[in-house]
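Q: Please take a close look at one part of this model. I would like to see how one pair of packed elements fits together, and what surrounds it.

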Amino acid sequence: MATAESLGAQIQGLSSNVVDLSLLSTRFKKADEELHNESTRLLAFLEQLDPTLHSLAVSKKFKDQVLMLEVPTRGVGPLLEAVKKLRSSSEHLTALHPDFLQLCLLAKCYKTGLSILEDVILEVDLPRDFFLYCY
């Protein structure tokens, strides 16, 4: 069984390019039970990761974990910070915006979500992100 430390090391090691991200995604799929068992210890390692390099795969898996544990409120703060750190300006839409807003709705943290929705979006990396954001 992998420990939180080894999962953190794999996240850091496999976040360098698209091929490695697919390997990381496969690793996460195989490690669902391990991640669930180590979820409280894994949170400490999330703080050590560079958001611009490691956030997308980790944040999406983190969102899935808090939804699986049925505690979306625990994910709102960390994903809000991830959104703020990933975007180059308040006008930039990231791939994490839809995940963050989904957690806000499920956690009934409407004002927190509104703080991001009030930003004017002028820069979108991928049209898919924009469509999910609008949905």
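A: Helix 6 and helix 7 are roughly antiparallel to each other, because their axes cross at roughly 150°, which is over the 145 degrees set for that label. Keep in mind that this is a predicted model. The two axes come within 9 Å. Their crossing is left-handed.

Now the contact itself. Helix 6 brings Thr73, Gly75, Val76, Leu79, Leu80 and Val83. Helix 7 meets them with His97, Asp99, Phe100, Leu103, Cys104 and Ala107. By type, the residues of this contact divide into 8 nonpolar, 3 polar and 1 charged.

Phe100 deserves its own look. Leaving aside residues up to four places away in sequence, Phe100 touches Val76, Leu79, Leu80 and Val83. Phe100 also touches Thr112, Gly113 and Ile116.

Next, the core. The largest nonpolar core has 17 residues. Val76, Leu79, Val83, Phe100, Leu103 and Ile116 have the most contacts inside it. Helix 5 (51-68), helix 6 (73-86) and helix 7 (97-107) each give two or more residues to this core.

How covered is helix 7? Mostly: 8 of its 11 residues are buried. The buried residues are His97, Pro98, Asp99, Phe100, Leu101, Leu103, Cys104 and Ala107. Asp99 is thus listed among the buried residues, and Asp99 is also part of the contact with helix 6.

Last, the end of the helix. Just after helix 7, Lys108 takes a positive phi of about 60°.

Note on methods
Residues numbered from 1 in each chain as written. Predicted model: local features only at pLDDT ≥ 70, side-chain atom pairs only at ≥ 80, totals over all residues. Heavy atoms only, no water. Core = buried A, V, L, I, M, F, W, Y, C linked by side-chain atoms within 4.5 Å. Buried < 20%, exposed > 50% of the residue type's maximum accessible area, 1.4 Å probe, protein only. Helix = DSSP H or I, 4+ residues; strand = E, 2+ residues; numbered from the N terminus. Contact = heavy atoms within 4.5 Å. Axes fitted to C-alpha atoms, helices over the stretch in contact; angles between N-to-C directions. Parallel < 35°, antiparallel > 145°, perpendicular 65-115°, else oblique. Left-handed = near helix turned anticlockwise from the far one by under 90°. Nonpolar A, V, L, I, M, F, W, Y, C, P; charged D, E, K, R; others polar.
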